[in-house]
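Work through the exercises below with the sequence and the coordinates open. Each task is followed by a solution in steps.

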Amino acid sequence: MTKHLAIAIGNTRIKAVVFDRNQQIQEAYAYPHDQLAMLEARLGARDFARIAIATVVPELITIWHDLPQTKILKTVDVPLQGLYATMGCDRALAAFGAGQSYGYPVLVIDAGTAITLTGIDAEKNLVGGAIMAGLRSQFACLHQNTAALPELEIPKILPERWGKDTTSSIQAGISQILLAGLQTYINDWRSQFPQSSVIITGGDGDQLRDWGLGVNASDPHLIFRGIWHFCLKCPN
């Protein structure tokens, strides 16, 4: 059976999925950058018909980069209008994947190391977006840049708005303010595009949805859906 490999190199992790010819994901992997050799050992010996790589860390080179069937993806090539030069290819591909899979217009929230919001209208034009520190990044930053505040885990259940000690106050402040801010963006988007889907992806996507963020769906593979529709989909 013909198989295709899609790789997404993000700020902290390298992810890969193996597609069959019908867009079905057969395997999915995620490793920190320093464990790239483990991913290469798992997948390197196979004969993939097509390989596509999207990266925001161009200095990180894999064994697949120079193969003849490999395409290195760039933001400028993603078939959306109005993308700006410094926009990450991963962000553009996730937005394209969301639109192709769930329909346009669409708002994508990518909740990873950074949280990005990307809005695409019905004509596949970039409406705009926003970028902020991710959920885990906020917890880590508060601990690393203060003398007395502890390093905390992200709470599974949304904390009460008003904390009664240092721990609960940190957890409440980060989670409640982040959630409220994102919901404000969603509400504004839906006021402009009432028929739009709002899709969340990224490592903390399910957590934010569980806390009550008003999205239509959580899809961890949006960037790979974008890669598939962009350059791996077999011609009819």
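The exercises that follow concern a predicted model and deal with strand pairing and with a set of annotated positions.

**Exercise 1.** Determine how strand 1 and strand 2 are paired, and in which sense they run.

Solution.
- Locate strand 1 at residues 3-9 and strand 2 at residues 13-20.
- Count the bridges: seven join the two strands, which run antiparallel.
- Check the register with one pair: K3 lies opposite D20 of strand 2.
- Look at the connection: three residues separate the strands, and the two form a hairpin.

**Exercise 2.** Find what strand 2 and strand 3 form, and which residue in the turn has a positive phi.

Solution.
- Strand 3 spans residues 25-32, and seven bridges pair it with strand 2 in the antiparallel sense.
- For the register, take I14, which stands opposite Y31 in strand 3.
- The two strands form a hairpin with four residues between them.
- Within that turn, Q23 has a positive phi of about 70 degrees.

**Exercise 3.** Is strand 2 mostly covered or mostly open?

Solution.
- Strand 2 pairs with strand 1 through seven bridges and with strand 3 through seven bridges.
- Apply the cut-off for a buried residue, under 20% relative accessible area.
- Six of the eight residues in strand 2 are buried, and the strand is mostly covered.

**Exercise 4.** List the positions under the UniProt annotation "binding site" and state how they are spread in space.

Solution.
- The annotation comes from an unreviewed UniProt entry and covers Y84, G88, C89, D90, R91 and T166.
- These positions are spread over 83 residues of sequence, and in space they lie up to 41.3 Å apart between C-alpha atoms.
- From this set, Y84, G88, D90 and R91 belong to the lining of the largest pocket.

**Exercise 5.** Take C89 and T166 from the annotated set. For each, give the helix, the accessibility and the contacts.

Solution for C89.
- C89 sits in helix 2, residues 89-102.
- Its relative accessibility is 5%, so C89 counts as buried, the cut-off being under 20%.
- With neighbours within four places in sequence left aside, C89 is in contact with A54, L73, K74 and T75.

Solution for T166.
- T166 is in helix 4, which covers residues 166-192.
- T166 has a relative accessible area of 44% and is therefore partly exposed, a class that lies between the 20% and 50% cut-offs.
- Not counting residues up to four places away in sequence, T166 touches L149 and P150.

Technical notes: Residues numbered from 1 in each chain as written. Predicted model: local features only at pLDDT ≥ 70, side-chain atom pairs only at ≥ 80, totals over all residues. Heavy atoms only, no water. Buried < 20%, exposed > 50% of the residue type's maximum accessible area, 1.4 Å probe, protein only. Pairing = 2+ DSSP bridges. UniProt positions renumbered as here; feature names shortened; annotations may be inferred. 1 Å grid on protein atoms, 1.4 Å probe; cavity = no way out; pocket = protein on both sides within 12 Å on 5 of 7 lines; lining within 4 Å. Contact = heavy atoms within 4.5 Å.
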